[in-house]
Amino acid sequence: MSSEKDHHVELHRGLKNRHIQMIALGGAIGTGLFYGSATTIQLVGPAIIVSYLLGGTAIFFIVRALGEMCVDQPVAGAFSYFAYKYLGDFPGFFSGWNYWFNYIAVSMAELTVVGVYINFWYPNVPQWVTALAFLVIITLINLINVEAFGEFEFWFALIKVVAILAMIAFGLVMIFFGLGEQGAVGFSNLWAHGGFLPNGVWGLLLSLVIVMFSFGGVELIGITAAEADDPKRSIPKAINQVVWRILIFYIGALTILMILYPWNQIGTSGSPFVEIFSAIGIPAAAHILNFVVLTAALSVYNSGIYSNGRMLHGLALQGNAPRFLTKVSRNGIPINGVFASSAVTLIAVILNFLVPGKVFLYLISIATIAGIFNWAMILVTQLRFRKVETEKGREDQLQFKMPLYPISNYIALAFLAMVVVLMAYIPDMVYSLYIGPIWIIILYIGYKFLRRNPETKPLHRE
């Protein structure tokens, strides 16, 4: 049996600031925007712009709460480690495994829509075949080293960012000047089809459920802390820049879409971005955008495999996962964590084989409830973190404090509670409210079982 020292092989600090910023963007600008936004638009119409402003505000408070802890203590496991340290054994166990479960669902959702995008070009290729092929490719990328992952994710995310900015610029030209034989579009689509808020305040509230799924992944910044080469500088910079960039990309892109095309003619058969540019007679732009949304889905899946491997590694170091998951390769990769996470996402391939076309909303429903558990845990943990550090006389040493603490924590927690209640009113998502409590019970049973095994006692706890 290997010694404890062997299990403490360090993850490599190979992620630079540019990697961390693009990783966070890559995790959050993906299927929620490029594919899931079609469902959101059907609920709220042009007021989707307001939905993203509200959701973005809550996410800002959440990532700032996480940032305060990660800058002070940049460790493997991120918020799972903090929940373990400041709230106790089971909260740490729950936080880590729930995050892993969350990103497994997200990863499976991304694999699901990859097949949809490939079908834009090759309609006869089964979605499960595409999902399996990209699962293998992305897993191999994650097994090289963290620098390779960082570079792939940097370029994946950069493609999305450049494409969204180009689309916004292209859309502005069409709105104000027109293109070819088509005159200026103008702004009438914002109110001409039932008004700016066609389904009333209720539609706006319901849209927040899917909007919050769209923002899932921003907290990935915390997972990168243990592999950042200068976390006390790069994490605050990444958090501050990523939040406003995401708001610009989401709100800017969706505003352009709402102006260019009647909201009530957008379907869910593919990306609304691709649908719109195809419908207004710009096939080349549609092909380019389809490539971009495919890249976006692969980017989020890439981030998912990365973060899940690190989370399992952190859980194993806590004694909250089997000891074999502590293994780190010579290249600094938590190799068993990556393999385990990739293997579980094979379920997406099976689901796409059994029920193609019905998987996406089910998966984002599960991911949303798990994501809300994660975010709530981050906010509650930071409340305890600040209290403990204040009692130690360390409050003045915190370099990246949560703004408006503790009021911002309670506002964000109330917002998350409201989103959970709203899920009960969306047919495709209501069943996740039953899965949520069952999942908590499963985790508690797993925690008790693991604690009976002396092999899983914590390797360290500061």
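This passage describes helix packing and selected residues in a predicted model.

Helix H6 spans residues 79–86. Seven of its eight residues are buried, so H6 is largely enclosed by the rest of the structure. The buried residues are Phe79, Ser80, Tyr81, Phe82, Ala83, Tyr84 and Tyr86. Just after H6 comes Gly88, which takes a positive phi of about 130°.

Helix H7 covers residues 89–121. H6 and H7 pack at an angle of about 165°. Their axes lie 6 Å apart. Angles over 145 degrees count as roughly antiparallel, and H6 and H7 are therefore roughly antiparallel to each other. Their crossing is right-handed. On the H6 side, the contact involves Phe79, Ser80, Ala83 and Tyr84. These residues meet Asp89, Pro91, Gly92, Ser95, Gly96 and Tyr99 of H7. By class, the contact of H6 with H7 has five nonpolar residues, four polar residues and one charged residue.

Asn320 touches residues of both helices. Among its contacts are Tyr84, which is one of the buried residues of H6, and Asp89 and Gly92, which belong to the H7 side of the H6 contact. Asn320 itself sits in the loop between helix H14 (283–318) and helix H15 (335–344). With a relative accessible area of 0%, Asn320 is buried. Leaving aside residues up to four places away in sequence, Asn320 also touches Phe93, Trp97, Leu315, Leu450 and Arg451.

A second helix pair joins H5 (residues 48–72) and H18 (residues 407–423). These helices pack at an angle of about 130°, and their axes are 9 Å apart. That angle makes H5 oblique to H18. The crossing of H5 and H18 is left-handed. H5 contributes Leu54, Gly55, Ala58, Phe61 and Ile62 to the contact. H18 contributes Ser408, Ala412, Phe415 and Leu416. By class, the contact of H5 with H18 has seven nonpolar and two polar residues, and no charged residues.

Trp244 lies in helix H12, which runs over residues 231–260. At 45% relative accessibility, Trp244 counts as partly exposed. Trp244 and Thr57 are 187 residues apart along the chain. Their C-alpha atoms are separated by 9.9 Å. Thr57 falls within the residue range of H5.

Conventions:
Residues numbered from 1 in each chain as written. Predicted model: local features only at pLDDT ≥ 70, side-chain atom pairs only at ≥ 80, totals over all residues. Heavy atoms only, no water. Helix = DSSP H or I, 4+ residues; strand = E, 2+ residues; numbered from the N terminus. Buried < 20%, exposed > 50% of the residue type's maximum accessible area, 1.4 Å probe, protein only. Axes fitted to C-alpha atoms, helices over the stretch in contact; angles between N-to-C directions. Parallel < 35°, antiparallel > 145°, perpendicular 65-115°, else oblique. Left-handed = near helix turned anticlockwise from the far one by under 90°. Contact = heavy atoms within 4.5 Å. Nonpolar A, V, L, I, M, F, W, Y, C, P; charged D, E, K, R; others polar.
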